[in-house]
Amino acid sequence: MSRCSRGTWALAVLFALGCAGPALGTQLPAGFVYLREVAPDILQDMRYAGPDNFTGRKVPGYDAPQCILRREVAEALKRVQAELREQSLSLKLYDCYRPARATRAFLKWIGDEAAPGSKRYFPRTDKATLHMQGYISPNSAHSRGIAVDLTLVRLPAADLPAFDRSARYGACNGPAGDRAPDNSLDMGTGFDCFDVMSQTESPAVGGEPRDRRRLLRTVMRKYGFESYWREWWHFSFATPTPGPARDFAIEAPRGAP
Ligand SMILES: [Zn+2]
C-alpha cells in the first residue's frame with residue numbers, strides 16, 4: 001500500500017505529500033481511480049462482487065461492486081463512451097481491476113472438484129481445463145488495472161432485473177431470453193461464457209450479435225485497447241508501462257453514500 005492510500009491522514013498532510021486527488025479516490029494506490037469519478041455515465045454490473053459468476057459466489061477481494069482502473073484506462077473508456085452515446089449505446093463493465101487474490105481463488109476453484117460453480121457459464125467445457133484453454137490467466141492484465149470486461153447496452157438503459165440464486169437459468173451459449181438477467185444487448189453469448197461461441201469471430205454467431213461484437217471491437221481499438229479473439233468482452237489497454245500486478249481489495253469509495 002502506498003503512503004497515499006491511507007485515508008485517515010489529515011487532508012493537509014496529503015497536500016503536503018502531493019497526494020491529494022479527487023475526494024473519492026484518496027484510498028487508492030497512486031495512478032488508480034474509481035471509474036465513476038472519471039465517467040459516471042458508464043454502467044457497471046460487477047459480477048465478481050456477488051454470486052452471479054462462474055464460481056457461484058462472491059470472489060475474494062471484491063468487497064464492493066466498484067470498477068477501479070488505471071487513470072489513463074478510465075479516461076480512454078470515457079472517450080469510447082462518448083462515441084457510443086452518439087448511437088444511443090452505453091458501455092457496461094463487468095470486471096475491471098482484479099485483486100491478485102481473486103485470480104488465485106479462480107485457480108484454486110479450477111482444481112477443487114468439490115466446488116462445482118455455475119455450470120451454465122461453461123456448459124460444454126471441462127472446468128479443470130479452463131485455465132489451459134486461455135479463459136483464466138494466472139498473470140492477468142486485470143490485476144494491473146489495464147484490462148476490462150464489458151458489453152453494450154441500448155439507451156435509455158432498462159432496469160437490471162434482480163438475480164435469483166434459486167432460479168434455473170439457461171446456459172450462457174443458449175438463447176438470450178433463457179440466460180440469467182442482463183439489461184445488455186445480446187452479443188451471442190453471455191459474459192464469461194467459457195465456450196467457443198465466445199470467440200469474437202465465431203461462425204456460430206451471426207446477425208446483430210456478430211455486428212455488435214465487431215462494433216465494440218472497432219470502437220475499443222480506436223481508443224487504444226487490444227481485443228482478445230477468444231472472449232468478445234475482454235480488452236486490454238495498450239501501454240508501454242503496464243505496471244505490476246496488485247492485490248489491494250476493492251472497497252467502496254470513502255465518502256460514498
Ligand atoms: Zn477480462
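Helices and strands are here DSSP runs, numbered from the N terminus, with at least four residues for a helix and at least two for a strand. By that reckoning, the protein chain of this predicted model holds 5 helices and 7 strands. Their order along the sequence is α-β-α-β-β-α-β-α-β-α-β-β. The chain has 257 residues, and 37% of them are buried. Among contacts between residues at least 6 apart in sequence, 70% join residues at least 24 apart.

A good place to begin is strand E4, residues 89–95. A residue counts as buried if 20 or more other C-beta atoms lie within 10 Å of its own. In E4, 7 of the 7 residues are buried, so the strand is largely enclosed by the rest of the structure. E4 pairs with strand E2 (residues 43–44) in the parallel sense, over 2 bridges. In that pairing, Gln44 stands opposite Leu93 of E4. E4 also pairs with strand E5, residues 147–154, and here the two strands run antiparallel, joined by 6 bridges. Across this second pairing, Lys92 faces Thr151 in E5.

Next come two helices. Helix H3 covers residues 71–85. Its 15 residues, at 1.5 Å a residue, should span 21 Å, and the end C-alpha atoms are 21 Å apart, which agrees. Which residues of H3 are buried? They are Val73, Ala74, Ala76, Leu77, Val80 and Leu84. Seen down the axis of H3, these buried residues fall within an arc of 160°, so they line one face of the helix. The general reason for such a pattern is that an α-helix has 3.6 residues a turn, so residues three or four places apart point the same way.

Helix H4, residues 100–110, can be read in this way too: Ala102, Thr103, Phe106 and Ile110 are buried. Viewed down the axis of H4, its buried residues lie within an arc of 100°, so they line one face of the helix.

In soluble globular proteins, nonpolar side chains tend to be buried together. The largest nonpolar core in this model has 55 residues, and those touching the most other members are Leu35, Ile68, Leu69, Ala74, Leu77, Leu93 and Cys96. H3 gives the largest share of this core, 6 residues. Ala74 can serve as an example: leaving aside neighbours within four places in sequence, Ala74 is in contact with Val33, Leu35, Val38, Ala39 and Leu69.

The loops hold some backbone exceptions. Most residues other than glycine have a negative phi, and most peptide bonds are trans. Ser88, in the loop between H3 and E4, has a positive phi of about 60° although it is not a glycine. Asp192 lies in the loop between E5 and helix H5, and its phi is likewise positive, near 60°. Are these two residues buried or exposed? Ser88 has 10 other C-beta atoms within 10 Å, so it is exposed. Asp192 has 24 C-beta neighbours inside 10 Å, so it counts as buried. The loop between E5 and H5 (207–222) also contains Pro156. The peptide bond from Leu155 to Pro156 is cis, with omega near -5°.

Note on methods. Residues numbered from 1 in each chain as written. Predicted model: local features only at pLDDT ≥ 70, side-chain atom pairs only at ≥ 80, totals over all residues. Buried ≥ 20, exposed ≤ 12 C-beta atoms within 10 Å, placed from the backbone. Pairing = 2+ DSSP bridges. Arc of directions from axis to C-beta. Contact = placed C-beta atoms within 7 Å. Expected span 1.5 Å × (residues − 1). Core = buried A, V, L, I, M, F, W, Y, C linked by C-beta atoms within 7 Å.
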